[in-house]
Amino acid sequence: MDVFEVITNRRSHRGEFRNTPIVDVDLEKIIEAARWAPSPFNVQPWELLIIQEEHSKIELAKLTEQAIIKQFKDKQFLEDNARWMCTSDEEWQTRGDGVLLSDHVTLPKLFQTLPKKLTGNILRALLNNISSLSILGHLGIGKMPAKEIAIQVEESPLLILVVMNTKRRPPGDGGNRWMWLSVGMFIQNMLLAASSLNIGIQFISAPLESDEDREKIRTLFNFGENHEVMTLLRLGYMNSDDVNSVRINSSEFIHYEKYMD
Ligand SMILES: Cc1cc2nc3c(=O)[nH]c(=O)nc-3n(C[C@H](O)[C@H](O)[C@H](O)COP(=O)(O)O)c2cc1C
């Protein structure tokens with residue numbers, strides 16, 4: 001595949017992985033791709049923690065589960081979330097942004113038997129009424145999706161923590177911002193390399209959402225003060241091609257000469 005094909009075919013993989021470990025030669029390629037990411041002054045402010053042992057996966061799965069349960073009770077989080085949730089494929093394709101709710105959580109069986117349009121309408125009504133959703137969260141509605149994602153984390157052939165080493169800060173007032181940009185590029189190189197090897201990657205953001213959880217991860221994996229855990233990735237070989245994705249048209253974000261709203 002040429003690079004353009006890899007870029008446009010890459011998808012976030014939220015499904016199961018094949019039950020086989022990632023072979024060393026493939027992992028080395030992903031790491032090698034990451035290593036060549038650009039950074040200001042070539043500071044290379046990144047580190048990777050490769051996680052293959054079961055007990056560490058279990059710890060991260062537990063943190064993920066607890067974090068998601070917490071999110072389902074958090075009215076503000078749910079409100080922000082609702083803005084980006086599409087309840088039907090049609091809505092998603094038309095909008096060209098956000099995520100499809102059913103890609104993120106397995107809907108209760110009842111929804112699977114209803115006509116798609118009705119399901120979409122019910123889900124939209126729920127999302128439009130976040131207070132009731134957070135009440136449901138307090139009643140435990142988040143437990144099922146939380147468990148589902150936790151199991152995926154635990155059963156992933158490989159987990160990777162991407163970490164920023166702030167001792168490698170470039171000069172200038174913008175140093176922190178440039179480091180963040182560099183780590184983003186580093187991760188994108190990993191995603192593209194993985195995609196070209198038929199390896200799926202999913203960001204698992206939930207356990208890194210709060211300062212408290214990030215602190216727990218720092219302690220769990222023995223990171224120092226100069227290490228900022230940026231993201232958790234789960235990786236594995238894919239069974240099948242990934243689902244679709246959408247983007248807004250470039251005309252919606254391209255401006256010429258001066259910004260025009
Ligand atoms: C910083 C960042 C955090 C993300 N966190 C999550 C996550 O926690 N769970 C998830 O399933 N996808 C996550 N994603 C993936 C996005 O949802 C995905 O890139 C977007 O919906 C577009 O889909 P695509 O990557 O398949 O094209 C994250 C992506 C980025 C860049």
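**Surface charges, salt bridges and backbone exceptions**

In this predicted model, Asn-222 lies in the loop between α12 and β6. Asn-222 is not a glycine, and nevertheless has a positive phi of about 70 degrees. Most residues other than glycine have a negative phi. With a relative accessibility of 68%, and therefore above the 50% cut-off, Asn-222 counts as exposed. A positive phi, of about 50 degrees, is also found at Gln-44, which is likewise not a glycine. Gln-44 is placed in the loop between α2 and strand β1 (46–51), and its relative accessibility of 28% falls between the limits of 20% and 50%, so that Gln-44 counts as partly exposed.

The two elements that flank the loop of Asn-222 carry several of the charged residues described here. In helix α12, which spans residues 211–220, Asp-211 forms a salt bridge with Arg-214, with 2.5 Å between the closest N and O atoms. The two partners stand 3 residues apart in the helix, about one turn. Asp-211 is exposed because its relative accessibility is 56%, whereas Arg-214, at 26%, is classed as partly exposed. A further salt bridge in α12 pairs Arg-218 with Glu-215, the closest N and O atoms being 3.2 Å apart, and these residues too are 3 residues apart, or about one turn of the helix. Here the positively charged partner, Arg-218, counts as buried because its relative accessibility of 15% lies under 20%, while Glu-215 reaches 38% and is therefore partly exposed.

A pairing of this kind also occurs in helix α2 (residues 24–35), where Arg-35 and Glu-32 are 3 residues apart and are therefore separated by about one helical turn. Their side chains meet in a salt bridge with an N to O distance of 2.8 Å. Both ends of this bridge are partly exposed, since the relative accessibility is 44% for Arg-35 and 36% for Glu-32. Over the whole structure, the search returns 9 salt bridges, among them the pairs Arg-35 with Glu-32, Asp-211 with Arg-214 and Arg-218 with Glu-215.

On the other side of the loop of Asn-222, strand β6 (residues 227–237) contains Arg-234. This arginine is buried and yet takes part in no salt bridge. Its nearest side chain of opposite charge is that of Glu-155, at a distance of 7.6 Å, and a salt bridge would require a side-chain nitrogen of the arginine to lie within 4 Å of a carboxyl oxygen. Arg-234 nevertheless has polar partners: its side chain is joined to that of Ser-156 by a polar contact of 2.9 Å, and a polar atom of the Arg-234 side chain lies 3.4 Å from the backbone oxygen of His-13.

Glu-155 appears again in a surface patch of negative charge, which gathers Glu-16, Glu-54, Glu-154 and Glu-155. Of these residues, Glu-54 is located in helix α3 (residues 54–73), and its relative accessibility of 55% is the reason why it counts as exposed. A patch of another character, nonpolar and covering about 370 Å² of surface, is made by Ile-135, Leu-136, Leu-139 and Ile-141; Ile-135 is placed in helix α9 (residues 130–138).

Two pairs of residues that are distant in sequence give separations across the model. Cys-86, in strand β2 (residues 85–86), has a relative accessible area of 0% and is therefore buried; the C-alpha atoms of Cys-86 and Ile-187, 101 residues apart along the chain, are separated by 26 Å. Asn-189, which belongs to helix α11 (residues 175–196), is partly exposed on account of its relative accessible area of 23%. Between the C-alpha atoms of Asn-189 and Gln-76, which are 113 residues apart along the chain, the separation is 33 Å.

Note on methods: Residues numbered from 1 in each chain as written. Predicted model: local features only at pLDDT ≥ 70, side-chain atom pairs only at ≥ 80, totals over all residues. Heavy atoms only, no water. Patch = residues over 30% accessible without salt bridge, like charges linked within 9 Å, V, L, I, M, F, W, Y side chains within 5 Å. Areas by Shrake-Rupley, 256 points an atom, 1.4 Å probe, with all protein chains shown as cover. Charge placed at Lys NZ, Arg CZ, Asp CG, Glu CD. Helix = DSSP H or I, 4+ residues; strand = E, 2+ residues; numbered from the N terminus. Buried < 20%, exposed > 50% of the residue type's maximum accessible area, 1.4 Å probe, protein only. Polar contact = N/O pair within 3.5 Å; in protein donor to acceptor, adjacent residues only side chain to side chain.
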